[in-house]
Amino acid sequence: MEQLRIGVIGLGWRAGFTKYWHQPGGRSVVVAGADIRADRLEKFRERVNPEAYVTLDYRELLERSDIDAIVVTSPDHCHAEHAVAALQAGKHVYCEKPLSITVDGCDRILEAWRESGKQFMIGFNMRYMNMYRTMKEIIDSGDIGEVKAVWVRHFVGLGSDYYYHSWHGSSRNTTSLLLQKASHDIDIIHWLTGRYAAKVSAFGGVDYFGGDKPNDLTCPACAEKETCPEAKTGPLVQCAFREEVDVEDNSMVLMELEGGIKASYMQCQFTPDYERNYTIIGTRGRIENNEREQKVYLKSRISHTWRDLSDRVYDIKQAEGSHNGADPKICDDFVAMILDGKEPVAPPLAGRMSVAVGCAATESMRAGGMVVPVKPAELWMSGSSAPLLRT
Ligand SMILES: NC(=O)c1ccc[n+]([C@@H]2O[C@H](COP(=O)([O-])OP(=O)(O)OC[C@H]3O[C@@H](n4cnc5c(N)ncnc54)[C@H](O)[C@@H]3O)[C@@H](O)[C@H]2O)c1
């Protein structure tokens, strides 16, 4: 095969990045798309390929022998159904994060992947951002010694735009936002440390969004649209203060990783600003990023005193393309995985483990903060070799 032919399931906001795969004359083309909404089909053609075959029934894509790979960009609760069906139909699969909204759903996808003999990639595009690649390289170089602690603060400014005006606000669609947004960060914690979390404890609440507004209320139809701080004109306009909203808008998770590494992850959806702040502390120093400045700061101990510090500052190179250039890179890697046999940066198991941590943390958070063990992969991986457990 010299050119990969791709079909896309779920043609909403995220499907826009599939344009990077559409390179007529190049190594991949996007030839088809499916969505349950007719308006999304035309939009997809406008955005990605005017000649794409489009359908309201995703199963039609799976039946076509001229489609080699399926990209799943449907809502989180549909991932397991769509990814498993695509693998069983003999397609390679790229599935957006979170892999599924339950550990069981993840395990069904991994099982289908193992049985299919096809290639599978989880959409962890943060691993392709220069900021986090830089941090990974510094850690791997040994400059901060052995990693012992990770602190992540995640300010999700515009949280209502992302999560509370749409399907994301209900746990039946997401389980919690510790799987949605946090699945990236939990994965980056696993990747940077090279270890998966083993147990967690968490606190959180629905402290700002949610409320007693009717579930069918939309911003344009609301009597308070002139005064409401979260009023929107589109495209996502469900009331952010509606009754069904039940996913925590601020949460704090403590984790113990394999090997005793400690990590914390804090997320808030009603802060004014958007920023991810990572601090990784090792036995010889620490690194911290600053997204506004696009820098990583390294402070290392060069002698055996705490006072004797050597500082280094890394300027992060800016890259072309969405998500700071990560999207075109992950698209290239998906094609290289299938056409050249290149190993993916994120193994499929990493998708499962970040969901397993998010589910355990959600359970803890909703039961008052008790310690919950992360469902180990060994249960699923019994009899398989250790390299499959890599982060
Ligand atoms: N990696 C990233 O950076 C990133 C960024 C944004 C979103 N995402 C992920 O992408 C996925 C989609 O998010 P989005 O923001 O585009 O959501 P969205 O609601 O804009 O789009 C989802 C689309 O799927 C369609 N759909 C729903 N049920 C379907 C079904 N049964 N069959 C076919 N289509 C169906 C919807 O009609 C909608 O058009 C989510 O899982 C999200 O987590 C990833």
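For the ligand shell described below, Ala, Val, Leu, Ile, Met, Phe, Trp, Tyr, Cys and Pro count as nonpolar, Asp, Glu, Lys and Arg as charged, and the others, Gly among them, as polar. The model is a predicted one, in which local features need pLDDT of at least 70, side-chain atom pairs count only at pLDDT 80 or more, and totals for chains, interfaces and linings use all residues. Residues are numbered from 1 along each chain as its sequence is written.

We can start with the ligand. It is surrounded by 23 residues, a residue being near a molecule if its C-beta atom, placed from the backbone, lies within 6 Å of it. The closest are Gly10, Gly12, Trp13, Arg14 and Glu96. By class, the shell holds 8 nonpolar, 8 polar and 7 charged residues.

Turning to the overall fold, the protein chain contains 11 helices and 15 strands; these are DSSP runs numbered from the N terminus, with helices (H or I) of at least four residues and strands (E) of at least two. The radius of gyration of the chain is 21 Å, in agreement with the value near 21 Å for a compact globule of 391 residues; here the radius is taken over C-alpha atoms, and the globule rule is 2.2 Å times the number of residues to the power 0.38. Along the principal axes, the C-alpha atoms fill a box of roughly 65 × 60 × 40 Å. Of contacts between residues at least 6 apart in sequence, 72% join residues at least 24 apart, where a contact requires C-beta atoms, placed from the backbone, within 7 Å.

Buried residues make up 46% of the chain. A residue is buried if 20 or more other C-beta atoms lie within 10 Å of its own, exposed if 12 or fewer, and partly exposed in between, with C-beta atoms placed from the backbone. The largest nonpolar core has 109 residues; such a core is a set of buried Ala, Val, Leu, Ile, Met, Phe, Trp, Tyr and Cys residues joined through C-beta atoms within 7 Å. Its members touching the most others are Ala83, Val93, Met135, Val200, Ile280 and Val357. Helix H10 (residues 348-366) supplies the largest share of this core, 10 residues. Leaving aside residues up to four places away in sequence, Ala83 touches Val72, Val93, Cys95 and Ile109.

Helix H9 (residues 326-339) deserves a closer look. Its 14 residues reach 20 Å from first C-alpha to last, close to the 20 Å expected at 1.5 Å a residue, the expected span being 1.5 Å times one less than the number of residues. Because 10 of the 14 residues are buried, H9 is largely enclosed by the rest of the structure. Those buried residues, including Asp327, Lys329 and Asp333, pack against strands E1 (4-9), E2 (28-34), E4 (69-72), E5 (92-95) and E6 (120-122). Just after H9, Gly341 takes a positive phi of about 75°.

Some backbone details also stand apart. The Lys97 to Pro98 peptide bond is cis, with omega near -15°, and Pro98 lies in the loop between E5 and helix H4 (103-116). Another cis bond joins Gly234 to Pro235, with omega near 0°. Thr175, although not a glycine, has a positive phi of about 70°; this residue is buried, with 23 other C-beta atoms within 10 Å. His323 also has a positive phi, near 55°, but is partly exposed, with 15 other C-beta atoms within 10 Å.

Methods. Contact = placed C-beta atoms within 7 Å.
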